[in-house]
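Reader: Could you take me through one part of this model up close? I'd like the end helix and whatever it leans on, and then a tour outward from there.

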Amino acid sequence: MSPRIFVADDHPVVVMGIRMALGNSRYASSISAEAVSTDELMQRLKQQHCDILITDFSMPNGHFPDGMVLIKHIRSHFTSLKIIVMTMLSNPLMLHEILKTGVHGLFDKHQPLEGLIKAVTRVCKGNTYISDTFSSVLASPRRGDTLHKPLTGRELEVLRLFGQNRSGREIAEHLNRSEKTISRQKCMAMQKLGIRCNSDLMEYIRMNGLT
């Protein structure tokens, strides 16, 4: 039986590209739903059952602009849904954090979309799919990634959102924490990384692909 596939990306051209890529395979008629925003994604997930979700990690429009929060929410509310995350992130720690949410696939958006055929096939068989490029990154962290290791998952979340130019209040509301807690976690992260000012922190976040 062919799986019912849901495709979500905030760029319609990418959604079209995925449809075309899968159209040249056994999954030509498997796409049963599409979305171009997180709000549309959540609404349609509630309306119809799907077996596999292929979704972009970063879709800034809607109530779930942060990919990590989006994936965790979907995982907790649609437990039987298998998720393949597409991303252009290349930071080992970020990739590890995404995998820790329990997703079933991690696809490098720098690669041809035809690679999703292999991803869907592996996930359908109950296996986890990781793009070869990501496998290499995860196996051989880049120089400087050791600087990330002292960071906790919560500190990493704060830095990622800070890198999106969000204020302390916005981050606190987004993560359901107090502003005092957010400030403390940001300061702790900066101390661990040996960073003293916000401009240097922003540069560090940009250079290490944390957004």
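Author: Let's start with a word we'll need all the way through: a residue is buried when its relative accessible area is under 20%, and exposed when that area is over 50%, with partly exposed in between. Keep in mind, too, that this is a predicted model.

With that settled, go to helix α10, which covers residues 198–207. Its buried residues are L201, Y204 and I205. Look down the axis of α10 and these buried residues fall within an arc of 100°, so they line one face of the helix. The spacing is worth a thought here: an α-helix has 3.6 residues a turn, so residues three or four places apart point the same way. Now turn α10 around, and on the other side you'll find S199, R206 and M207 exposed. Just past the end of α10 comes G209, with a positive phi of about 60°.

What does the buried face of α10 sit against? The buried residues of α10 pack against two helices, α7 (153–162) and α9 (179–193).

Those two partners also meet each other, so to speak, and that pairing deserves its own look. Two packed helices are described by the angle between their axes and the distance between the axes. For α7 and α9, the axes come within 9 Å and cross at roughly 95°. That makes α7 roughly perpendicular to α9. On the α7 side, the contact is made by R154, E155, V158, L159 and F162. From α9 come I182, Q185, K186, M188, A189, K192 and L193. Sort the residues of this α7 with α9 contact by type and you get 7 nonpolar, 1 polar and 4 charged.

The loops around these helices hold a couple of backbone oddities. Between α7 and α8 (168–175) lies a loop with N165 in it. Phi of N165 is near 65°, a positive value in a residue other than glycine. The loop between α8 and α9 has N176, and there phi is near 60°, again positive in a residue other than glycine. Why flag them? Most residues other than glycine have a negative phi. As for how they sit, N165 counts as exposed at 64% relative accessibility, and N176 counts as exposed at 71%.

Helix α7 gives us a way into the rest of the chain, through α4 (residues 92–100). In α4, the buried residues are P92, M94, L95, E97 and I98. The cover over those buried residues of α4 includes α7, along with α3, α6 (132–139) and the strands β4 (82–87) and β5 (105–108). Just after α4 there is G102, which takes a positive phi of about 95°.

From α4, step across to the part that carries annotations. UniProt, in an unreviewed entry, places the feature "domain: Response regulatory" at residues 4–124. Over residues 4–124 the chain is 43% helix and 20% strand, and the end C-alpha atoms of that stretch are 11 Å apart. The same kind of record, also an unreviewed UniProt entry, puts "modified residue: 4-aspartylphosphate" at D56.

So where does D56 sit, and is it buried or exposed? You'll find D56 in strand β3. D56 is buried, with a relative accessible area of 5%. Leaving out residues up to four places away in sequence, D56 touches A8, D9, D10, M86 and K109.

Follow the chain on from β3 (52–56) toward α3 (67–77) and the loop between them holds G62. At 38% relative accessibility, G62 counts as partly exposed. G62 also reaches back along the sequence: G62 and D39 are 23 residues apart in sequence and 5.2 Å apart in space, C-alpha to C-alpha. Aside from neighbours within four places in sequence, G62 is in contact with T38 and D39.

Last stop is the other end of the chain, at S2, in the segment before β1 (5–8). S2 is partly exposed, with a relative accessible area of 35%. Not counting residues up to four places away in sequence, S2 touches R26 and S30. Between S2 and Y27 there are 6.9 Å from C-alpha to C-alpha, though the two are 25 residues apart in sequence.

Note on methods
Residues are numbered from 1 along each chain as its sequence is written. This is a predicted model: local features need pLDDT of at least 70, side-chain atom pairs count only at pLDDT 80 or more; totals for chains, interfaces and linings use all residues. Side-chain values use heavy atoms; hydrogens and water are left out. Buried means under 20% relative accessible area, exposed over 50%, partly exposed in between (1.4 Å probe, protein chains only). Helices (H or I, at least four residues) and strands (E, at least two) are DSSP runs, numbered from the N terminus. The arc is that of the directions from the helix axis to the C-beta atoms. Contact means heavy atoms within 4.5 Å. Axes are lines fitted to C-alpha atoms, for helices over the stretch in contact, and angles run from 0 to 180 degrees between N-to-C directions. Angles under 35 degrees count as roughly parallel, over 145 as roughly antiparallel, 65 to 115 as roughly perpendicular and the rest as oblique. Ala, Val, Leu, Ile, Met, Phe, Trp, Tyr, Cys and Pro count as nonpolar, Asp, Glu, Lys and Arg as charged, and the others, Gly among them, as polar. UniProt positions are given in the numbering used here, feature names are shortened, and annotations may be inferred rather than shown by experiment.
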